[in-house]
Amino acid sequence: MPEDRMLERLEKLEGIVETTVQIIPPLINDLSRRIDGLREEVRGMEAKLEGRIQALETKLEGRIQEVETRLEGRIQDVETKLEGRIQAVESKLEERIENLRQEVKAEINTAFNKAMLLFTAIGAVLALLTLFR
């Protein structure tokens with residue numbers, strides 16, 4: 001009896017294995033088709049993403065170029081303004097230096113004239129002393 005039962009179980013297992021062997025290949029084929037379909041979808045998505053990335057890069061390059069151009073213009077404006085201010089300050093400094101030079105020159109002339117008067121007075125005193133001697 002136990003052998004009959006084992007044979008029966010073995011026959012059932014054989015049936016299950018045969019059924020499984022018959023069912024698995026179509027499932028594998030279906031799974032392969034699904035995987036291939038997913039691969040195609042992924043490739044399509046990659047292509048779309050690459051296109052979008054390229055478009056964004058192009059757009060960003062344009063914007064960067066635009067910003068660089070604006071910055072260069074602003075820098076040029078600032079340089080021009082600074083050059084004007086520097087020239088104005090230089091002119092004022094030169095004018096002040098010239099005024100100070102004139103003032104110093106006038107002071108020196110005044111001091112020189114006073115010294116000449118003093119020397120003339122000393123000379124006159126010496127001449128008078130020589131006469132009275």
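Which residues make the nonpolar surface patch of about 800 Å²? The legends below take this up, along with the overall form and the charges.

**View 1. The whole chain is a predicted model with one helix and zero strands.** Helices here are DSSP runs of H or I with at least four residues, strands are E runs of at least two, and both are numbered from the N terminus. The C-alpha trace spans about 180 × 40 × 10 Å along its principal axes. Its radius of gyration, taken over C-alpha atoms, is 55 Å, while a compact globule of 133 residues would have a value near 14 Å (rule: 2.2 Å times the number of residues to the power 0.38). Of the residues, 0% count as buried (under 20% relative accessible area).

**View 2. Here is the nonpolar patch.** Phe112, Met116, Leu118, Phe119, Ile122, Val125, Leu126 and Leu129 make this patch, and Leu126 is found in helix H1 (residues 2-132). Patch residues have over 30% relative accessible area (Shrake-Rupley, 1.4 Å probe) and no salt bridge (Lys or Arg side-chain nitrogen within 4 Å of an Asp or Glu carboxyl oxygen); nonpolar side chains are joined within 5 Å, like charges within 9 Å.

**View 3. Glu3, Asp4, Glu8, Glu11, Glu14 and Glu18 gather in a negative surface patch.** Glu8 lies in helix H1 and is partly exposed (between 20% and 50%), with a relative accessible area of 47%.

**Notes.** Residues are numbered from 1 along each chain as its sequence is written. Local features need pLDDT of at least 70, side-chain atom pairs count only at pLDDT 80 or more, totals use all residues, and side-chain values use heavy atoms, without hydrogens and water.

Note on methods:
Buried means under 20% relative accessible area, exposed over 50%, partly exposed in between (1.4 Å probe, protein chains only). Lys and Arg count as positive and Asp and Glu as negative; His and the chain ends are not counted. The place of a charge is taken as NZ of Lys, CZ of Arg, CG of Asp or CD of Glu.
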